Amino acid sequence: VYSARTGSLAGMIWMAVLVVVAAAQLSRLLFSDVRASFRPEERGLLGALDGLSRGHARHLIEQGHWLNGKAGDVLTEEGQAVPNLYFLAEGGAAVSSAGALVATCQPGNFIGEVTALAGAPATGTVTLDRPSGLWCVAAEQLRRYAETHDGVRAALERAFRKALTEKLVAANAMIAELGGGETRPGTAAS
């Protein structure tokens with residue numbers, strides 16, 4: 001705390017300027033949260049970005065765009081660089097590896113989250129299996145954005161961890177169903 005008795009007039013003015021600037025920045029952040037509005041298809045993405053303020057979520061969503069895909073559109077190709085991160089708002093997709101169906105994607109799923117931030121190749125081929133509505137952001141643009149917005153990067157990483165956990169549980173259930181739930185000695189489902 002700055003005391004008028006021990007400081008100069010210039011010091012008090014400088015302190016007042018700092019307080020005004022801090023108050024203005026706080027007001028701007030609060031106002032952006034209050035003012036942020038979301039269309040129905042964006043609300044699912046907002047829910048997936050748990051822990052991100054409405055203002056920051058709005059800014060992230062504006063980095064990408066919404067598109068309509070048709071059955072047969074390929075979003076990622078196994079072994080190839082992932083060009084985009086997708087959020088499936090409606091519709092569905094099939095995930096294959098080595099030509100075999102290994103999973104499906106439902107509304108609320110991210111597509112490309114395993115590799116979009118890392119720049120690694122796709123671990124599977126994802127093909128839309130019906131008309132779908134998706135949010136899409138270029139992987140390179142997302143990486144640059146996340147590098148300069150730590151809070152956004154943390155929220156994305158939390159969302160991706162949750163998505164991957166859900167996908168692992170679904171994969172384990174599919175394996176158990178295909179294999180009759182049996183495990184070989186010395187192995188365990190994770």
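Biologist: Let's start in strand S8: which residue there stands opposite Trp66?

Modeller: Keep in mind that this is a predicted model. S1, at residues 65-69, is joined by five bridges to strand S8, residues 132-138, and the two run antiparallel. Within S8, the residue standing opposite Trp66 is Trp135.

Biologist: Okay, and in what order do the strands of that sheet with S1 and S6 come?

Modeller: S1 and S6 stand at the edges, each with a single partner strand, so one side of each is left without a neighbour in the sheet. The sheet is open, has four strands and uses antiparallel pairing, and its order is S1-S8-S3-S6.

Biologist: A helix lies across that sheet too. At about what angle does H2 run to S3?

Modeller: H2 covers residues 40-48. It lies across S1, S3, S6 and S8. Strand S3 spans 84-90, and H2 runs to it at about 120 degrees.

Biologist: Let's zoom in on that helix: is Glu42 buried or exposed?

Modeller: Glu42 is part of helix H2. Leaving aside neighbours within four places in sequence, Glu42 is in contact with Ser37, Arg58, Ile61 and Trp66. Its relative accessibility is 2%, and the cut-off is under 20%, so Glu42 counts as buried.

Biologist: Now the other sheet, the one with S2 and S5: what's its strand order?

Modeller: Try building it up pair by pair. S2 pairs with S7 over two bridges, S7 pairs with S4 over four, and S4 is joined to S5 by five. That makes an open sheet of four strands with antiparallel pairing, in the order S2-S7-S4-S5.

Biologist: Which strands are at its edges, pairing on one side only?

Modeller: Neighbouring strands here are turned by 30 degrees against each other on average, direction ignored. The two that pair on one side only are strand S2 (74-76) and strand S5 (100-105).

Biologist: Which residue of S7 is the bridge partner of Val95?

Modeller: Strand S7 takes in residues 125-128, and Val95 falls in S4, at residues 93-97. One residue of S7 is the bridge partner of Thr76, and Val95 has its bridge to that residue as well: Val126.

Biologist: Val126 comes up again with Asp73, I think. How far apart are their C-alpha atoms?

Modeller: Asp73 is in the loop between S1 and S2, and at 24% relative accessibility it counts as partly exposed. Neighbours within four places aside, its contacts are Val126, Thr127 and Leu128. Asp73 and Val126 are 53 residues apart along the chain, yet their C-alpha atoms are separated by 8.6 Å.

Biologist: What about holes? Which element gives the most to the lining of the largest pocket?

Modeller: That pocket has a volume of about 580 Å³. Of its 27 lining residues, the closest to the centre are Val95, Ala103, Cys105, Glu113 and Lys167. Elements giving two or more residues are S4, S5, strand S6 (110-111) and helix H5 (150-178). With seven residues, the one giving the most is H5.

Biologist: Last one: how many charged residues are in that lining?

Modeller: Sort the lining of the largest pocket by class. There are 15 nonpolar residues and nine polar ones. The number of charged residues is three.

Notes. Residues are numbered from 1 along each chain as its sequence is written. This is a predicted model: local features need pLDDT of at least 70, side-chain atom pairs count only at pLDDT 80 or more; totals for chains, interfaces and linings use all residues. Side-chain values use heavy atoms; hydrogens and water are left out. Buried means under 20% relative accessible area, exposed over 50%, partly exposed in between (1.4 Å probe, protein chains only). Contact means heavy atoms within 4.5 Å. Two strands pair if DSSP finds at least two bridges between them. Axes are lines fitted to C-alpha atoms, for helices over the stretch in contact, and angles run from 0 to 180 degrees between N-to-C directions. On a 1 Å grid over the protein atoms alone, a cavity is a set of points where a 1.4 Å probe fits but cannot get out, and a pocket is an open set with protein on both sides within 12 Å along at least five of seven lines; lining residues have an atom within 4 Å of a point. Grid points are joined across faces, edges and corners, and a volume is the space filled by probe spheres set on the points. Ala, Val, Leu, Ile, Met, Phe, Trp, Tyr, Cys and Pro count as nonpolar, Asp, Glu, Lys and Arg as charged, and the others, Gly among them, as polar.
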